[in-house]
Amino acid sequence: MRLYSSKDRPFHLGPWPLERLPRAALALPASIPSQPRAAVPHAKASLAPCFPEYFSVFRAALDGKVAPAQAPVPAEGGERSANLKSHAYFLDAALVGVCDLDAHDWSAAPLAGHRHAAVFLVEFGREAAPGEPGAGWIGGSNEERTDLRATELAAVLSGMLRAMGFAARGHAAGASAVQLERLALKAGLVRIIDGELRAPFLGRGFRVGAVTTEYALAPDLPLAQQGPLVPDDADMYFGVGGTLPGWTYEREAERPLHMGRYPMETIKRAAEPTTLVLREEIQRVPKRGDFFKRAEAGDLGEKARRERKRFPFKHPYALGMQPLIQGMVPLQGGREKFPDPGLAADPAHNAMAIKALGYYLGADFVGICRAEPWMYYSHDEVEGKPIEAYHEYAVVMLIDQGYETMEGASGDDWISASQSMRAYMRGAEIAGLMAAHCRRLGYSSRAHSNAHSEVIHNPAILMAGLGEVSRIGDTILNPFIGPRSKSVVFTTDLPMAIDQPIDFGLQDFCGQCNKCARECPCNAITFGPKVMFNGYEIWKADVDKCTKYRVTQSRGSACGRCMKMCPWNREDTLEAHELALLSIQMPTARPWIIRQDDLTGAGSRNLAKRWWFDLEVIDGVAVVPPAGTNEHGLNLGRDARLAPTQKLAFFPPALQPRGGTTLAEVVPVDRAAGLKAYQEAETPEAARARLAEAVRGN
Ligand code: SF4
Ligand code: SF4
């Protein structure tokens, strides 16, 4: 947790104060030490054998076709370097630098025109201490884990540059045509100390990746090779200016890995969620009823059908992620039952080990619940075949979409879909590896990513205790990062202790706040009370309006404005943490917190954090978006205008395509029936009274 806000720190400077280190020209030594590779033998139950198939997918995306025309980006190398560094930091690089290339930098034939390189370090994952749950699975796998992440970054960044019309190739250990260590030295990311490569700030090991390109960049100077590796002063220690503080690693070490970074153990738990879930009344729905699937099939009209495939990948950055996201789907696993592996099973220990594995791989929150049959879709959408519930447990993970970038954005501008795609890509990678690991242990397991899922994530997030139902509707809100996340799930038969739902007062808070509804560009979030929808008590959003807006809006790609605007979307500082505690522990403070949020301008765009270029890929070429860019500020008072006349529709199972419908059939959305259904919805109070009556009648 930071003491100082990073609100004025440009994103391209990264999380550590790299800019404070002295720099000097360097005569490169004849021999440069290699990245250390510890000779740790893999334990029998090691995660390591799960990596190769993911390496294959990522390595295949390190090179590819270049778009036929170049994007209209600044000619100045400094601006380009800052932009490219920001892209790497957004993908969780620890340190990033730039250098020019010379003939000696290549370990294979030089690529024509590649005269520049962006170089990055990816830090090792935090490991479980010896004897802690998960240690046996994780130990000895960190180099592969981190090389895989470096390969992911190299593939995405090079893919983005190619989509912008510039020749580029990614390089990482095992698939590199350059001397990565030499580039890291030239780009000012490492020093040679006692014959070893050492990186400033990073308390764990690291791996190097790079992108070589014809895209002209302004190089950094190497680090001065004398003096202390990091500044030894109070600014560094306390993280003045919003950098990571010097106590980061000590603080981490205070918590066992399986407990994660956020103190979820301080949040109240209960056997049932804070909102009604009437399991026996929930009708399972086909995947074809999901509104993105409905858009794809043409149920929402021709424009939505046309734009559906394109909208998440309209920006070159997200387009760079596409081959990885799609390439991982075949690795997710299947439904087949495995014979009992006959291993001694301790569900409590298994749960802790699985959580440790999730945090090691980069999840921000991990929870576990039963994969109850009503959480599964009833039919697939391609062949319309029934899906029977198949695994007993669901491991649910949240991936933070990134506070700083969310601050620079309007929520529905040109970075919006890339924020989502980064989280989806990372989630698929983490859950896919974990499911593969469980299968190696002998337990049937399947990952459910955004690209392909057979379970509905929201009920699983709720039951696994990672959040409460919020006014946003189909978004479960977490007490530490608010709605700013994407989820991923994997289901498995590995026996595990399950978590309980949480209660942090959100029903009362959202009952008094309507900021997400006020700021939703298409008026899709209710200002009214919760209703019953297919067995759930929920503030039901109008997914028809929301999906149409996300898919077809032309001044950005997709939308997550409701997430950005929420007062629970807070920075990771001590101050923000205290505010969260106050809103949980003192209900009377909630109206003040809600007012303060607007009074302090929270939710406005912070231009110090606006680091991306506005680009739209049209017919395979990145251009200046013809319709412009959404740059909304706060819409104070808009609620008073919208609320009295708001009309929302919802679509219970009877108004969705029936089970067995495929994407080849068009089932137009019946909006009039949806509006009527919303008006006639049962209230949660009526449902509770009905239940009480039924209990009395028994
Ligand atoms: Fe509204 Fe955008 Fe949120 Fe959809 S994603 S509910 S359109 S703010
Ligand atoms: Fe709830 Fe307000 Fe956040 Fe909307 S913006 S989810 S009403 S706290």
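How many bridges join β1 to strand β2, and in which direction do the two run relative to each other? I began my reading of this predicted model with that pair, and I found six bridges between β1 and β2 (residues 116-123), the two strands running antiparallel.

**Entry 1: the sheet around β1**

Within this pairing I noted that Cys-99 stands opposite Ala-117 of β2. I then traced the whole sheet, which is open and consists of four strands in the order β1-β2-β6-β3, with antiparallel pairing. The edges are taken by β1 (95-100) and β3 (168-172), and because each of them has a single partner strand, one side of each is left without a neighbour in the sheet. For the twist I recorded an average of 20 degrees from one strand to the next. I also looked for what packs on this part of the sheet, and found helix α2 (residues 77-90) lying across β1 and β2, at about 140 degrees to β1.

**Entry 2: β8 and its partner**

Is strand β8 (residues 365-370) largely enclosed or left open by the rest of the structure? I entered it as largely enclosed, because five of its six residues are buried. Six bridges join β8 to β9 (residues 393-400), and these strands run antiparallel; I noted in particular that Arg-370 has Tyr-393 as its bridge partner in β9.

**Entry 3: nonpolar cores**

Next I looked up the cores, keeping in mind that in soluble globular proteins nonpolar side chains tend to be buried together. The largest nonpolar core holds 127 residues, and those with the most contacts inside it are Leu-121, Leu-202, Tyr-317, Ile-354, Met-397 and Phe-490. Helix α13 (residues 416-441) gives the most to this core, contributing 13 residues. Apart from it I found another core, of 53 residues, which includes Val-396, Cys-510, Trp-539 and Ile-594.

**Entry 4: the surroundings of ligand 1**

Which residues lie around ligand 1? I listed Cys-520, Pro-521, Cys-522, Ile-525, Cys-546, Tyr-549, Arg-550, Cys-559, Arg-561 and Cys-562. Sorted by class, this shell has eight nonpolar and two charged residues, and no polar ones. Two helices, α17 (543-552) and α18 (561-565), each supply at least two residues of the shell, and α17 gives the most, with three.

**Entry 5: Arg-9 and Thr-243**

Is Arg-9 buried or exposed? Arg-9 sits in the segment before α1 (52-59), and I recorded it as buried because its relative accessible area is 8%, under the 20% limit. Leaving out residues up to four places away in sequence, I found that Arg-9 touches Gly-14, Trp-16, Pro-17, Glu-19, Gly-241, Gly-242, Thr-243, Glu-404, Ala-608 and Lys-609. For one of these, Gly-241, I noted a C-alpha separation from Arg-9 of 6.6 Å, although the two are 232 residues apart along the chain.

I followed the contact to Thr-243, which is found in the loop between α6 (234-238) and α7 (248-253). Thr-243 is buried as well, with a relative accessible area of 3%. Its contacts, again without neighbours within four places in sequence, are Arg-2, Arg-9, Pro-15, Trp-16 and Pro-17.

**Entry 6: Pro-339**

Last, I turned to Pro-339, which lies in the loop between α10 (316-327) and α11 (347-361). Pro-339 counts as exposed because its relative accessibility is 69%, over the 50% limit. I also noted its position relative to Glu-144: the two are 195 residues apart along the chain, and 30 Å separates their C-alpha atoms.

Definitions and conventions:
Residues are numbered from 1 along each chain as its sequence is written. Chains are lettered from A and ligands numbered from 1 in the order in which they are written. This is a predicted model: local features need pLDDT of at least 70, side-chain atom pairs count only at pLDDT 80 or more; totals for chains, interfaces and linings use all residues. Side-chain values use heavy atoms; hydrogens and water are left out. A residue is near a molecule or strand if one of its heavy atoms lies within 4 Å of it. Ala, Val, Leu, Ile, Met, Phe, Trp, Tyr, Cys and Pro count as nonpolar, Asp, Glu, Lys and Arg as charged, and the others, Gly among them, as polar. A nonpolar core is a set of buried Ala, Val, Leu, Ile, Met, Phe, Trp, Tyr and Cys residues joined through side-chain atoms within 4.5 Å. Buried means under 20% relative accessible area, exposed over 50%, partly exposed in between (1.4 Å probe, protein chains only). Two strands pair if DSSP finds at least two bridges between them. Axes are lines fitted to C-alpha atoms, for helices over the stretch in contact, and angles run from 0 to 180 degrees between N-to-C directions. Contact means heavy atoms within 4.5 Å.
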